[in-house]
Amino acid sequence: MIRYNPKKEVGLTTEQIAYRIKNGQVNKKCDVKTKTIGQIIFYNAFTLFNILNLSLGILIFFVKSYKNLLFLGVVVCNTLISIIQEIRSKKVIDRLSIISSTKASVIRNSKNISIGIEDVVLDDIINFRRGNQVIADSIILDGTVEVNESLLSGEENLVTKNVGDFLYSGSFIVSGKCTSKVERVGSDSYASKITSEAKYIKKVNSEIMNTFKKVIKIISILIVPVGLVLFYRQYNLANNNISDAVVNTVAAIIGMIPEGLILLTSTVLAVSVIRLSKRKVLVQQLYCIETLARVDTICLDKTGTLTVGTMEVEDVISLNKKYDYETILSSISRVLTDDNATMDAISRKFNKKTDFTYLECEPFSSEKKYSSVTFKEGKYILGAPDILDKSENMKSLINKYSDYRLVLLKNSKDNIALILLKDKIRFKASSTLNYLRNQGVDIKIISGDNEKVISRIAKRLGFNNIKCIDMSKNNTNMNKQLVENYNIFARVSPNQKKSLIQALKSNGHTVAMTGDGVNDVLALKEADCSIAMASGSDAARNVSELVLLNSDFDAIPKIIEEGRRTINNIERSASLFLTKTVYSTLLAIIFLFVPMNYPFEPIQLSLVSSITIGIPAFILALEPNYDIIKGRFFLNVLKKSLPGGLTIVLNVISVMIISKIFNINTDEISTMAVILVAITGFILLYRICYKFNKIRLVLFISLILAFLICIIGLHKVFEMVMLKPILIVYILLVFILDIGLFDLLSNICEKKIFKYSDKIVK
């Protein structure tokens, strides 16, 4: 590859720039990309669930039983909700910019011009000054600067860069100015090499989603053979035609699919996304709300997460009473041009008006470790106390206040005051950590900063049992034992952060990670649930499931509570949906061997499912519910859905038996089966709603009335008939027996499945 060495006053020529552009040696973004809108639509539309339901709908359409297509409405709603939510998240995250500056100051053809950051090419001569962000890896040709590399290294301490030193993209110039030559652009830059390792599809760690996938997978395996055999059996029944066989078979199959359950989950999670957005939390992946609620270990990056990256004055120790240090510091703040965290903190604290007459100033220098201002009233110096005063008394003071960053104010004769500064902790960070501890979440602090700084921060955040390790001095990898023995990890590299997450996960923990810098990207991508600060790097935001748009760490408890509400309510509502799956699957298998018409049509199942499952499930799923999550999701749902499903199967079998005894026709059998399914559904709903409040009571009564209206006033629409008195009496008797039967089956399932669940959890 051809390299140029242009003079700093001349820069690249037009021909050299054209050559670079032709060969692609320009500063293109190489960040982790979000999905395109086309990809979002494709992956949400073409799912196994959607294809299966669409195929069934086509069969119904061909036999012209159009009103039985009602079940497809649920499929459409589910797909639209998923697509809209994901596109909404994409648009918000795409608006967050990667680099604060939009222009770069470069020397080309002996002229100083401003160009877009993506127009910078290899070997460009570029000027940086205080406040600029470095937009390409460069080597300094002239000048000296202090650089903040916290987004890359996680370390807040400023780094002095001189001629010959490297400036890394993503860092900030805090003071000074320099001229540098671009050494690496695009994918070759330091920041891009870190983010490139994060470019893989992350597997979502969601127990709810995994459970639903297993259920749908099992059902999908059963559907093809059961559907084909059932169609054959129904078609060969006396007086049945192909239309009857298709309608009966589709009714059996759609009953097996818990289609409303996926819609319910998407809707509840979408509502959670809306609620969290009002708290300035962007949810980029729906199921991460659930994952965070299950987290038992959280890894916190110090810089940008626990601290805001600025200093604040904690106290001032007066060393000489004859000086008014407040007036002196206010005067210095008014005129000193130093742009660093220390001076910012002093300026915020001391800003009263003074009448000192300014003469000249000497800005802060990393070599001298101090700055000075000369007024008509005298010359005053601000700097490192160990540099400005090497006396034993000062050493004693430095040791006494070792938990602080110290700045000495003095003049040519006397020490005036010792200023105590500390890192500014994020608002409510301590209370948030206390909340996590009370919820049984283990907290790990990881940072590129040194051991002393992190331990000092940890004490202020309420850590009582600090166990810190400096990973730069430890050759041991992040093994399973190491990550359990320590709660603070200092001088951690990006790859070590990732290894730490991997080790915790291999120990069986569900791990969350918070961060804001490029150095956090690998760990964020590896974590079960990743949380980024909007004030950090674009790469960190893009790989994270949650983005705190106002970088407010105290939103974490609300996210956890929202996750608990979601999981507990979905778990409760899922038992309603899986009850239908249980009885439909068992009945479909039974009717492979029973030479009778399948007792339901799709529109009848749509009626029962809507009134006893869909409507109550959606309303109950939005109730407040912040209980700690216990047990395994699938087993918790199964032990609640099995009793209802088995009760319905026994009811339908009893109807089949008495139909032979009393010579009941097909329409009456179907009507009785629908009513008994609804009765069992209301029994299950009663148990779920027990300890009725006003909303639950109104809901329960309204659903019963709605069902009565449908089976009496709209019975022809739902292919039902009016029953003889003797059959109504039979239904009432079955209803009474069902209450006891349901309780018996519930006790059996509770004891057997709950006992098995305890063994698994342990």
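This passage walks through strand pairing, a salt bridge, a cavity and a surface patch in a predicted model. Residues are numbered from 1 along each chain as its sequence is written, and side-chain values use heavy atoms, with hydrogens and water left out. Because the model is predicted, local features need pLDDT of at least 70 and side-chain atom pairs count only at pLDDT 80 or more, while totals for chains, interfaces and linings use all residues.

Strands come up first. They are DSSP runs of E with at least two residues, helices are runs of H or I with at least four, and both are numbered from the N terminus; two strands pair if DSSP finds at least two bridges between them. Strand β4 (residues 137-148) has two antiparallel partners here. With β5 (residues 159-161) β4 shares three bridges, and valine 147 is matched there with valine 159. With β6 (residues 166-167) β4 shares two bridges, and serine 138 is matched with leucine 167.

Further along, β12 (residues 370-375) runs antiparallel to β13 (residues 378-383) over six bridges. A hairpin of two residues links β12 to β13, and tyrosine 370 sits opposite glycine 383. On to β14 (residues 405-410): β13 pairs with β14 over three bridges, again in the antiparallel sense, and glycine 383 has leucine 408 as its bridge partner in β14.

As for charges, the structure holds 26 salt bridges, each a side-chain nitrogen of Lys or Arg within 4 Å of a carboxyl oxygen of Asp or Glu. One of them joins arginine 108 to aspartate 124, at 2.6 Å from N to O. Arginine 108 is in β1 (residues 103-108) and aspartate 124 is in the loop between β2 (111-116) and β3 (125-129), so this pair ties together parts 16 residues apart in sequence.

Inside the protein there are three cavities of 30 Å³ or more. A cavity is a set of points on a 1 Å grid over the protein atoms alone where a 1.4 Å probe fits but cannot get out, and lining residues have an atom within 4 Å of a point. The second largest holds about 70 Å³ of space. Helices α21 (556-590), α22 (602-620) and α24 (666-689) each give two or more residues to its lining, which includes Leu576, Tyr583, Ile613 and Leu684.

Finally, Leu697, Ile701, Leu705, Leu708, Ile712 and Met722 make a nonpolar surface patch of about 570 Å². Patch residues have over 30% relative accessible area and no salt bridge, with nonpolar side chains joined within 5 Å; areas come from the Shrake-Rupley method with a 1.4 Å probe. Leucine 705 belongs to helix α25 (residues 694-713).

Notes. 1 Å grid on protein atoms, 1.4 Å probe; cavity = no way out; pocket = protein on both sides within 12 Å on 5 of 7 lines; lining within 4 Å. Points joined across faces, edges and corners; volume = space filled by probe spheres on them. Patch = residues over 30% accessible without salt bridge, like charges linked within 9 Å, V, L, I, M, F, W, Y side chains within 5 Å.
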